[in-house]
Structure formats: structure tokens, C-alpha cells
Amino acid sequence: MHTMRSLVHKHAHHALFVTVYIEEAHASDVWPLGSVESVPAHKTLQDRIARAQRLQDVYHNPTRVYVDGMDGAFDRLFAAWPERFYIFHNNTIAMIAQPYNDFGYERQQIDVFLCKLFAQDESTPSELAIAADRTDTISDTAA
């Protein structure tokens with residue numbers, strides 16, 4: 001099974017992986033699922049940044065992490081909620097992986113796409129960026 005961590009390690013020499021934390025997926029005051037750590041919806045950007053940093057510290061996410069603003073501009077622009085995985089290439093979206101079941105998107109499909117892309121293209125990491133929302137990265141790297 002491909003995990004986010006294995007994808008990052010396998011393709012890091014060709015791609016720049018980033019995570020965009022858009023919002024707390026199951027905030028205790030919005031959509032609680034009885035998770036181990038109960039977190040209310042963020043009220044300020046500082047709350048969101050602190051949570052993203054905490055998740056980075058706990059799960060050792062192997063990607064650079066960015067935080068969506070409180071206006072949700074990234075989420076609105078890319079329809080990232082609840083989770084999406086984007087591959088940007090040559091200033092366009094080359095692939096969007098969307099959840100196909102309760103466990104998210106198929107990482108093997110992403111791996112195959114990246115292998116084919118790199119086989120036909122000599123892009124440098126600065127030319128190819130890959131983004132996934134924070135929820136996916138956290139749930140995936142915990143394994």
C-alpha cells in the first residue's frame with residue numbers, strides 16, 4: 001500500500017510536495033466523530049496555524065505545510081474539502097485525485113501517474129508541485 005510518506009520519498013527528486021491545511025476536518029463543535037483529540041473549529045488564523053504546527057510535530061509530515069486563510073480562498077479555488085490531491089505541471093492541473101471511499105484516494109494511481117509523467121519529462125522540482133490537503137496527510141502518515 002502506498003502511503004503519502006512513501007510517495008514523497010519515492011518522487012522527491014522530481015517533485016515538490018506540499019500540504020495545505022484547509023480546516024479541521026472533524027471539529028468537535030461542527031462535525032465530531034469522537035476522535036482521540038477533540039478540537040473545536042478554528043476561530044482565528046493563529047488557531048489554524050497552531051493546529052497545523054501541532055499536527056506537523058505529532059505526525060512528522062514529510063512535506064512543507066501551508067495554511068489556508070480564514071476566508072478559505074484555497075479551498076474555494078480548488079474545491080479541496082474534504083480532501084484532494086493535485087498534481088500541477090507546466091502551470092496547469094495535470095491530475096486531481098478525489099476520495100473514492102472512506103479511506104480517501106488511491107495512492108497507487110498517483111504513483112503510477114507520477115512515474116509516467118517523470119518518464120517523459122525532465123522537470124525540476126521547482127517546475128512540478130504537488131499539493132494535498134492537511135487531513136489526508138495527517139491520517140496517512142500516522143500509519
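This passage walks through a predicted model of a single chain, from its overall layout down to a few individual residues.

Start with the big picture. The chain holds five helices and five strands, and read from the N terminus the elements go α-β-α-β-α-β-β-α-β-α. Of its 143 residues, 41% count as buried. Among contacts with a sequence separation of 6 or more, 65% are between residues 24 or more positions apart.

As for confidence, the pLDDT averages 76 over the chain, and 76% of the residues score at least 70. Two stretches deserve some caution. Residues 124-129 stay under 50, although the model gives them 21 contacts beyond four places in sequence. Residues 131-143 are also below 50 in pLDDT, and here the model has 49 contacts beyond near neighbours in sequence.

Now for the packing. The largest nonpolar core has 14 residues, and the members touching the most other members are F17, F85, I87, A97, Y105, I110 and L114. Two or more residues each come from α1 (4-11), β3 (85-89), β4 (92-97) and α4 (107-120). The largest share belongs to α4, which puts in four residues. There is also a second, separate core, this one of six residues, with V20, I22, A80 and F88 among them.

Strand β3 is a good place to look more closely. Five of its five residues are buried, so the strand is largely enclosed by the rest of the structure. In a regular strand, side chains alternate between the two faces of the sheet. In β3, F85, I87 and H89 sit on one side, Y86 and F88 on the other, and both faces are covered. The two cores can be read against this split: F85 and I87 are in the largest core, while F88 from the other side is in the second one.

The partner of β3 here is β4, and the two strands pair in the antiparallel sense over five bridges. Along this pairing, Y86 stands opposite I96, and F88 has I93 as its bridge partner. The two strands make a hairpin with two residues between them, and N90 in that turn has a positive phi of about 50°.

A94 is another residue of strand β4. With a relative accessible area of 34%, A94 is partly exposed. Outside its neighbours within four places in sequence, A94 is in contact with I87, F88 and H89, plus F113. A94 and F113 are 19 residues apart along the chain, and their C-alpha atoms are separated by 9.5 Å.

Aromatic rings show up here too. The structure holds four aromatic pairs. One of them is F78 with F88, an edge-to-face arrangement at 5.5 Å centre to centre and 85° between the planes. F78 belongs to helix α3 (residues 73-78) and F88 to strand β3, so this pair ties together parts that are 10 residues apart in sequence. The two rings differ in burial: F88 is buried, whereas F78 is partly exposed at 21% relative accessible area. That value sits just past the cut-off, because buried means under 20%. Ring pairs also link F74, F78, Y86 and F88 into a cluster.

That leaves D68, which lies in the loop between β2 (64-67) and α3. Is this loop residue buried or exposed? With a relative accessibility of 3%, D68 counts as buried. What does the side chain of D68 reach? One polar contact goes to the backbone nitrogen of F74, at 3.0 Å. In another, a polar atom of the D68 side chain lies 3.1 Å from the backbone nitrogen of D75.

The wider surroundings of D68, setting aside neighbours within four places in sequence, comprise V20, Y21, I22, L45, R48, A73, F74 and D75 as contacts. Among these, V20 and I22 also appear in the second core, and F74 in the aromatic cluster. I49 is 19 residues from D68 in sequence, and the C-alpha atoms of the two are 9.0 Å apart in space.

Terms used: Residues numbered from 1 in each chain as written. Predicted model: local features only at pLDDT ≥ 70, side-chain atom pairs only at ≥ 80, totals over all residues. Heavy atoms only, no water. Core = buried A, V, L, I, M, F, W, Y, C linked by side-chain atoms within 4.5 Å. Buried < 20%, exposed > 50% of the residue type's maximum accessible area, 1.4 Å probe, protein only. pLDDT = per-residue confidence, 0-100. Contact = heavy atoms within 4.5 Å. Phe/Tyr/Trp six-rings, centres within 6.5 Å; stacked < 30°, edge-to-face > 60°. Pairing = 2+ DSSP bridges. Polar contact = N/O pair within 3.5 Å; in protein donor to acceptor, adjacent residues only side chain to side chain.
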